[in-house]
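Here are some exercises to work through with the model open beside you. Try each task before reading its solution.

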Amino acid sequence: MQNSTDGSHCARGRRIRTVDIRQVRTRVPVLEGQTILEAALQNGVSFPHGCRSGRCGSCKSRLIDGQIEMLSHSRFALTDEEKAAGLILACRAVPKTDTAVAWLGAGDEAAAVRARMRQGTVVSIDDVTHDIRRVRIRPDGTDALAFFAGQYADIRFGPSPVRSYSMANRSGDPELEFHIRRVPGGAASGYVHTVLKPGDRIVLEAPRGSAHLREGHCGPILCIAGGSGLAPIKSIVETALAHGMRQAIHVYFGARTERDLYLVDHFEALTRRHANLAFTTVLSEAQATARRIGIVTQAVADDFPDLANFKVYVAGPPPMVDAAMETAFGRGLNAGDMHADVFFTPQGQPPSGAAG
Ligand SMILES: Cc1cc2nc3c(=O)[nH]c(=O)nc-3n(C[C@H](O)[C@H](O)[C@H](O)COP(=O)(O)OP(=O)(O)OC[C@H]3O[C@@H](n4cnc5c(N)ncnc54)[C@H](O)[C@@H]3O)c2cc1C
């Protein structure tokens, strides 16, 4: 590879830049149009990230050198003040010159763990709602897959495209549990709901993601889940309880109607065993019900005037995550205390660094 005069390089006829990632003292090539995050993951760097769509802020980084173009992103994920202070979102930053960056969030121990490719077998499938299936997978080999609670796997089911799904169990279990909602017209989730059966072989790459439980945090915890976003929240809550975290843990589970709720008995049983756990369901479209009615993030806003010392974990569809961020930051949450997963893969953009 040779330097050209404008700081770009050529490989197999394509202009590329490089990005120097300071934490890992590694310079990786960036193909034309690629974001810094895509280049890092493609080259095996476990760059902290979550949604890959400019919404969660997990990949927030400092631009140390060079110029980038920032693609559209949520104003909660990166504020104008942060931009002015030289911060970027690696998932939305396309280098215009060679660059150097350092991700924020020191202490993200998950960033040091490299995702590994594993094969596995589907052990069981059951419907937990009319459109969410619980799929259990046993990875091959004798060593259980280690991950931080809240992380996800990139999975290929049969011929469908690789998609991300969050582990719902605790690290170290011999089987991985996933909750997969059927997206209308969805390639991977449609396959899971119509074709996948026990005994089928799958390929996964894990662990990924930085919206995971921070066990060093001693203040209260607030978890907000929408739909199958309950999966990583279940892993976070069960891990926190099993590891003896004694602070208040508030879980809000938002769904449309009663038939969209699942694992309610499971969480209610946990609240009976653990006095520090509270579980609230909020239905947006129900009428006569004993449950809270409304938008889950509004319920959180009503219940928590001050989130200053909290850690907030959020998982679900994009509008819910956006609303959760607006609510939480509006109530004093520190930017580094929000850990969000956005359950959305824009069409035509399969997860970077994944198999295939
Ligand atoms: C970090 C991460 C973790 C995730 N964890 C889970 C999980 O635990 N459980 C789970 O069910 N999903 C999860 N997802 C979402 C999942 O990866 C897929 O995006 C989803 O299953 C749709 O894939 P598909 O191939 O079926 O749909 P596609 O074929 O990719 O899309 C079909 C159509 O639906 C739209 N679309 C894509 N995703 C969604 C969505 N989520 N909601 C509404 N419309 C959508 C597309 O834009 C397209 O128009 C996660 C996503 C990310 C990024």
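## Exercise 1: The chain as a whole

Task: find what share of the contacts in the chain with a separation of 6 or more comes from residues 24 or more positions apart.

Solution. Residues 24 or more positions apart supply 70% of those contacts, where two residues are in contact if their C-beta atoms, placed from the backbone, lie within 7 Å. Before going further, note that this is a predicted model, in which local features need pLDDT of at least 70, side-chain atom pairs count only at pLDDT 80 or more, and totals for chains, interfaces and linings use all residues. Residue numbers start from 1 along each chain as its sequence is written.

Next, take the inventory: the chain has seven helices and 20 strands. Helices (H or I, at least four residues) and strands (E, at least two) are DSSP runs, numbered from the N terminus. The radius of gyration is 20 Å, close to the 21 Å from the globule rule for 356 residues, so the chain is as compact as a globular protein of that length. Here the radius is taken over C-alpha atoms, and the rule is 2.2 Å times the number of residues to the power 0.38. Along the principal axes, the C-alpha atoms fill a box of roughly 70 × 50 × 35 Å.

Then look at burial: 46% of the 356 residues are buried. A residue is buried if 20 or more other C-beta atoms lie within 10 Å of its own, exposed if 12 or fewer, and partly exposed in between, with C-beta atoms placed from the backbone.

Finally, divide the chain: the domain assignment, automatic or from a database, gives domain 1 (9-106), domain 2 (113-208) and domain 3 (221-342). The centres of domain 1 and domain 2, over C-alpha atoms, are 28 Å apart.

## Exercise 2: An antiparallel sheet

Task: work out in which order the six strands of the antiparallel open sheet are arranged, and which strands stand at the edges.

Solution. Start with the order, which is β12-β11-β14-β9-β10-β13. Two strands pair if DSSP finds at least two bridges between them. β12 (163-166) and β13 (176-181) are the edge strands; each has a single partner strand, so one side of each is left without a neighbour in the sheet. From one strand to the next, the twist averages 40°.

Now zoom in on one pair. β11 (residues 152-157) and β12 run antiparallel and are joined by four bridges. Y152 stands opposite S166, and A153 has Y165 as its bridge partner. The two strands form a hairpin with five residues between them, and G158 in the turn has a positive phi of about 55°.

Last, check the sides of β12: R163 and Y165 point one way, S164 and S166 the other, and all are buried.

## Exercise 3: A loop residue

Task: decide whether D131 is buried, partly exposed or exposed.

Solution. First locate D131, in the loop between β9 (116-127) and β10 (132-139). Then count: D131 has 17 C-beta neighbours inside 10 Å, which means that D131 is partly exposed. Leaving aside neighbours within four places in sequence, its contacts are R181 and R182. H193 is 62 residues away from D131 in sequence, yet their C-alpha atoms are 8.2 Å apart.

## Exercise 4: A parallel sheet and helix α7

Task: find which strands are at the edges of the parallel open sheet, and what the buried residues of α7 pack against.

Solution. Begin with the six strands in the order β18-β17-β16-β15-β19-β20, paired in parallel. The edge strands are β18 (292-293) and β20, each pairing on one side only. Five bridges join β19 and β20, and V312 has M338 in β20 as its bridge partner.

Turn to α7 (residues 318-330): its 13 residues should span 18 Å (1.5 Å times one less than the number of residues), and its end C-alpha atoms are 18 Å apart, which agrees. Its buried residues, among them M320 and A324, pack against β15 (221-226), β16 (249-255), α6 (296-303), β19 (311-316) and β20 (338-342).

To finish, take A324 alone. A324 has 29 C-beta neighbours inside 10 Å and so counts as buried. Not counting residues up to four places away in sequence, A324 touches I224, T297 and V314. After α7 comes G332, with a positive phi near 90°.

Conventions:
Axes are lines fitted to C-alpha atoms, for helices over the stretch in contact, and angles run from 0 to 180 degrees between N-to-C directions.
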